[in-house]
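Student: Could you take me through a few features of a model and show me how each of them should be read?

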Amino acid sequence: MTLLQDRAATARSAPGRPSYWTMRRRDHLTGYLFITPALVGAVAFVFLPLVLVVWYSLHEWNVLADTFDFVGSENYRKLAEDPNVPGVLRATALFSIGLVVLNLGLALVLAVLLNQKLRGTTFFRVLFFSPVVVSLLAWTIVWGFLLQDNGGVNGLLSLFGIDGPNWLRSGGTAMVSVVVVQVFKNVGLNMVLFLAALQGVPQELYEAARTDGAGRWTVFRRITLPLISPTILLTSIITVVGSLQVFAQISVLTQGGPGTSTTVLVYYLYQQAFQFHAFGYGSTLSVLLFLIVLALTVLQWQMRKRWVFHES
Amino acid sequence: MSLKMRIFLYGLLLVLCVPFVFPTWWMITSSFKPNASIFAFDFAPSTWSLEPWRQVFTMQPFAQQYWNSAYIAVIVTLGTLVVASMAGYAFARIRFPGQNVLFLVVLTGLLIPSEVTIVPLFRMFNSLGMVDTHWPLILVPMLGPPSVLATFIMRQFFITLPGELEEAARIDGLGRPAIFRRIALPLARPALGAVAIFTFLHSWNLYLEPVVYISSQTKYTLPQALTQFTDAYQGQLWNVQLSAASMTAIPVLIVFVIAQRQFIEGLAHTGLKG
Amino acid sequence: MRRTLAAISVCALLGSLTACGGDEPEAGGPVTLRMTTWSANPAHVELFNSIAAEYSKTKPDVSVTFEALPLENYTTTVTTQIAGGNAPDIAWILEGAAPDFVASGALTPLDDSIENTADLAPAATALWKKDGKLMGYPFSTSPFGVFVNNDLLKQAGQTLPAGADWTWANAVAAASATAAKTGKQGLVIRDFDYKEWSNLATVFRGWGADAWTADGKTCGFDQQPMVDAMTFLHKAIFTDKALPAPGVAADFFAGESAMTIAQISRASLLKEAKFGWTLVPLPAGPSGEYSVIGQGGLGVMKKGKNAAAAAEFVKFFTSPDNSTKLAQFFPPPRQSQLNADTLAKANPLLKPEQLQDVVIDGIATGVVKPSHTGSAEISQAVRSALDPMWKPDADIPGVLRGVCTAIQPLLAK
C-alpha cells in the first residue's frame with residue numbers, strides 16, 4: 001500500500017511545474033542517482049565476477065608458469081571424478097546442518113529463558129551476546145587453545161573426573177568442536193532476534209489459551225512457535241548461507257583435518273585455488289558453491305509457503 | 001513463579017553462561033602466563049607476566065595492523081551507510097521505471113557469498129594493481145554482497161515510514177534529496193545503527209579476503225596478524241597470541257557493554273525481525 | 001550526494017593510479033630489492049642486514065630489504081604475490097616447492113651469478129637444476145641430527161647409547177624411559193606435529209623407505225620398508241610413549257623433552273640453554289646408517305622488477321666470503337667450506353666432531369627430504385590419508401595403502 005500512496009503523491013505533485021524537469025522526471029533522476037553506487041557495486045563485485053567465475057572454470061591457469069589455457073569442460077569432469085568431493089560435500093552438509101540445528105535450538109532456548117519474568121535477565125543477555133562482538137579470529141584462537149589435548153576444556157572436565165578426548169585431532173570430535181565453537185560465537189544474534197519476536201506475541205493470546213486449559217508446552221507449540229515462525233525462517237536462511245561461508249574457523253582449528261573430515265567447500269576451494277594454484281578448478285568449485293546456495297535459498301522460500309504462519 | 005522454579009532457572013542460566021564467559025576469562029588470564037606453563041590449569045596465573053603483551057608489539061607492527069583494521073572498518077561502515085541508505089530509500093520511496101528489475105539485480109548479491117567470487121575478484125584487483133593494498137578490503141564490502149544486505153535492511157525500514165511526512169515536506173517545497181536528508185535519514189536512526197554494527201563487525205572479522213589479498217606484514221589486518229605469532233622456528237607462542245587476541249577483543253567488548261542496550265535493541269527492531 | 005559519489009570515484013581512480021604507477025621501475029635510479037625469507041630470527045636478520053649494508057657500500061644506489069613471511073603459508077604467500085604482480089626480486093624456496101619453481105620457468109638461471117659453481121656439491125644442487133642450468137642456489141643444506149638433553153637423561157638414570165648401540169630401538173628405549181621417569185616428553189620430531197609428514201623421512205629412511213620412487217612416478221608408502229618403519233614409529237608413540245601423542249606440544253629447546261630431531265641450524269636456539277646438551281647423528285635403522293637433509297634455496301624471480309640487479313646481489317650474497325658467514329646458521333653447499341675447521345669457526349656452539357659426524361658426513365651421504373612437482377597438493381593428500389594412523393588401534397598397512405590410493409593419481413600427473 002505504501003507503493004500506492006507514493007505513486008499518488010508523485011502524481012499529485014507532478015503538474016506543479018511546466019518545464020521539462022517536472023517533479024516526476026526529477027524524481028526519476030534522483031532515484032537512479034541514489035541507486036547508482038549500489039548498482040555499480042552489484043555489477044562490478046557480484047555479476048561480473050560471477051560471469052568470470054564461470055569463464056575461469058573453463059580454463060587452466062598456472063600462476064608460476066604464467067599460462068592461461070582454455071580447457072573446456074575439463075574442470076567439470078575433474079569435479080565429477082575428484083575423490084575428495086563426496087567427503088567435502090558431506091563435511092559441508094554436516095557442518096551446516098549441525099550449525100543450524102544447534103544454533104537455532106540454543107537461541108530459542110536462551111530467548112525463552114530470558115523472556116521469563118526474572119531479575120537480571122539483562123545481565124545474562126549481555127553475557128550471551130558478548131561473543132558476537134568479539135573478533136572471530138580471537139574467539140577461534142582462544143577455543144583452539146582451550147581444545148588442545150592438555151588445554152582448558154579437558155582441564156575443566158577433569159575437575160569432574162572426565163577424561164576428555166583430543167577434540168581437534170580425532171575424527172568424531174573435530175567436526176563437533178568446529179560447529180560448537182561457531183554456535184557459541186553467534187547464537188547471541190539469533191537469540192536477540194527471537195527475543196524480540198517473543199516479546200511481540202500479544203499477551204492476550206497466552207491468557208486466552210490458559211483459560212482454555214492449555215499446558216505450557218501446548219501453548220508454546222500452538223501459539224508461540226507459529227507466531228515467531230517468520231523470524232525462524234529468516235534466521236535460518238541467514239544461518240544456512242553463513243554456514244556455507246565458514247573458513248577462518250576451519251583454517252585455524254583443524255586445517256580441514258583429521259583426514260578430510262572438516263574440509264568444507266570454501267576451505268577446499270581455498271586450498272585448490274590459492275595453495276595448489278589450481279585457479280581454474282577453484283573457480284569450478286565456486287560455481288558449485290553458488291549452485292548450492294541458490295538451491296537452498298529457493299528451497300527455503302518454498303518451505304515458507306507451507307510452514308510459516310503469516311506474513312504481514 | 002515459584003521459588004523452586006526461579007532457582008532452577010537461575011541455575012540453568014549460570015550453567016549456560018560457562019561456554020560464553022570461560023573462553024574470554026581464559027584468554028585474558030592465560031595471556032599473562034609464561035609460554036612454558038601455558039597449559040597449566042590455573043584460573044589465574046601464579047606469576048603475572050607483562051612480557052607477552054610487550055612482545056606483541058616487538059614481534060609484529062601490531063599498532064600499525066590495529067590501525068589498518070580500524071580505519072578499514074570505519075571507512076567501510078561509513079561508506080556502506082551512505083550507499084545502502086540511498087539505495088534503500090530510492091527502492092522504498094521513489095518510483096522510477098525499471099525499479100523492480102533493478103532491485104532484483106541488486107538483491108541477487110544476497111545469494112552470492114563473496115567466497116564464490118574470490119578468484120575473479122582477485123584477478124580483477126590484480127590487473128588494477130590493487131593486490132597487496134587495502135582497496136579490495138574496502139571496495140568489496142562497501143559495494144559488494146555485504147552492502148546488499150544493508151540495502152535490503154534499509155529498504156525494509158523506509159517502507160514502513162508514513163507517506164504523510166514526505167507529503168508535508170513536499171508542500172513546504174523540499175526536494176527529494178532534502179527530504180531524504182532532513183526527514184527520512186533522522187527517522188532511520190535505529191536501522192542505520194543496526195547496519196553500522198553489522199557492517200563494522202563484518203569488516204572487523206574479515207579473514208579470507210585479507211589472507212588472499214594482503215601479503216606484506218605492515219598491511220595485515222588484525223585477524224590475519226593474530227595467526228602469525230610464532231617464534232623464529234615456527235613454534236606457536238600461545239601467550240603472545242592470546243595477548244594480541246585480548247587486545248583485539250577487549251576494546252570492542254567495553255564499547256559493547258557501555259552501549260549494550262542500543263546494540264541489542266537496535267538489532268532486534270529492524271527489518272530483520274521478519 | 002553527488003559530491004559523495006564524485007569523491008568515491010576519484011578515490012577509486014587515484015587508488016588504482018598510484019598503485020599502478022608506483023610499480024614502474026625507475027631506470028638508473030636507486031633500486032630497492034626485496035627478498036622474501038621464512039626466518040624472523042633476529043640473529044639471522046642481523047646477519048642478512050649486515051651483508052646488505054656491506055653491499056650498499058660498493059653499490060650505493062642498491063638497497064635490500066628482507067621480508068620474513070610465516071613458514072606455514074610461505075609458498076602460498078609468495079605465489080600469491082607473484083600472481084598479484086608483486087613478485088619479490090629474490091625468494092627463498094623450500095625444498096618441497098623447489099620442483100614447481102624450478103620446472104615452471106619462474107626463475108632466472110643463476111649459472112653466471114654464482115662464483116665458482118664447480119665448488120658446489122652435486123648432491124646439494126641436484127634438486128635445483130633444470131636442463132643442466134642452476135635455477136636456484138641451495139644456500140642451506142642442513143642435515144638433521146638428534147639433540148639430546150643430557151640433564152634429563154641423567155635425571156632418569158639413562159645413558160645415551162653410543163657407537164654401534166646408537167640404533168632406533170635403543171634411542172626409543174632411552175626416550176621412553178626418560179619420559180616415564182621425568183614426566184617430560186621423550187623424543188620430539190621437530191615440526192612434524194602430526195601434519196608435516198615429510199619430516200618423518202628422518203625416521204623412515206632408516207628402514208630404507210621412500211615416499212615415492214626417484215622418478216617420482218610410483219608411490220612408496222605401501223612398500224614393506226615403509227610398513228615396517230611406520231609400525232615401529234606407531235609403537236614408539238602409542239605403546240612406548242617415547243614420542244608425544246598428537247596434540248601435545250613440547251619444546252626441546254625449552255627443556256621439555258629428552259631428545260629432538262632437528263636441523264643443525266637450530267643449534268643457535270641453545271645459546272642460552274639452561275641444560276647440558278649434545279648433538280649426535282640420526283640413529284641407525286635396520287638398513288644401517290643414513291642421513292637426511294633439509295634444503296632451502298634462493299632464486300631470482302623472472303617477474304621481479306629488477307631481475308638484473310637481483311642477480312648481481314645474489315652473486316655477492318653467495319660469494320665464498322659471505323658463504324662462510326652464513327655457515328653459522330646454514331651449512332653451505334660449497335665443498336671447499338665443508339670441513340670441520342671452517343664450520344667450527346662459524347658454529348662456536350658445536351664441537352668439531354659433532355660437525356664432522358652430523359654435518360660433513362651427513363651432507364656427503366644425505367638424501368634430501370621428499371619433494372615433487374605439485375607438492376602442495378600431494379603433501380596435503382598424504383597428510384589427510386595418514387591421519388587415521390595417529391590413534392592407538394590403527395590398521396597400519398591399510399592406512400599406508402590408502403595413502404598410495406590417494407596420491408598415485410597425483411604422482412602420475
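**Charges, rings and buried side chains**

Tutor: Let us begin where two chains meet in this predicted model: the charged end of B:Arg123 sits over the ring of A:Trp61, at 3.9 Å from the ring's centre.

Student: Which lysine lies over the face of A:Tyr281?

Tutor: That residue is A:Lys78, which is placed 4.3 Å from the centre of the tyrosine ring.

Student: How many aromatic pairs does a search of the whole structure find?

Tutor: Over all chains, the search returns 69 aromatic pairs. One of them joins B:Phe22 and B:Trp26, whose ring centres are 5.1 Å apart and whose planes make an angle of 35 degrees, so that the pair is classed as tilted, a label kept for angles that are neither under 30 nor over 60 degrees. Both residues belong to helix α1 of chain B (residues 3-30), and because they are four residues apart there, about one helical turn separates them. As for accessibility, B:Phe22 is buried with a relative accessible area of 9%, and B:Trp26 is buried too, with a value of 2%.

Tutor: A second tilted pair is made by B:Phe32 and B:Trp48, with 5.1 Å from centre to centre and 50 degrees between the planes. Both partners lie in the loop between α1 and α2 (51-59) of chain B, so this pair ties together parts that are 16 residues apart in sequence.

Student: Is B:Trp48 buried or exposed?

Tutor: With a relative accessible area of 56%, B:Trp48 counts as exposed, whereas its partner B:Phe32, at 15%, is buried.

Student: Where is B:Gln65 found, and which residues is this glutamine in contact with, leaving aside its neighbours within four places in sequence?

Tutor: B:Gln65 is part of helix α3 of chain B, which covers residues 62-93. The side chain's surroundings can be read from the contact list, which, once neighbours within four places in sequence are set aside, consists of B:Gln60, B:Gln217, B:Tyr220, B:Thr221, B:Leu222 and B:Ala225. Because its relative accessibility is 0%, B:Gln65 counts as buried.

Student: What does UniProt list as "transmembrane region" in chain A?

Tutor: The unreviewed UniProt entry gives several spans under that name, including residues 167-184 and 231-254, and each can be compared with the model. Residues 167-184 of chain A are 78% helix and 0% strand, with their end C-alpha atoms 16 Å apart. For residues 231-254 of chain A, the chain is 79% helix and 0% strand, and 33 Å lie between the end C-alpha atoms.

Key
Residues numbered from 1 in each chain as written. Chains lettered and ligands numbered in written order. Predicted model: local features only at pLDDT ≥ 70, side-chain atom pairs only at ≥ 80, totals over all residues. Heavy atoms only, no water. Helix = DSSP H or I, 4+ residues; strand = E, 2+ residues; numbered from the N terminus. Buried < 20%, exposed > 50% of the residue type's maximum accessible area, 1.4 Å probe, protein only. Contact = heavy atoms within 4.5 Å. UniProt positions renumbered as here; feature names shortened; annotations may be inferred. Phe/Tyr/Trp six-rings, centres within 6.5 Å; stacked < 30°, edge-to-face > 60°. Lys NZ or Arg CZ within 6 Å of the ring centre and 35° of its normal.
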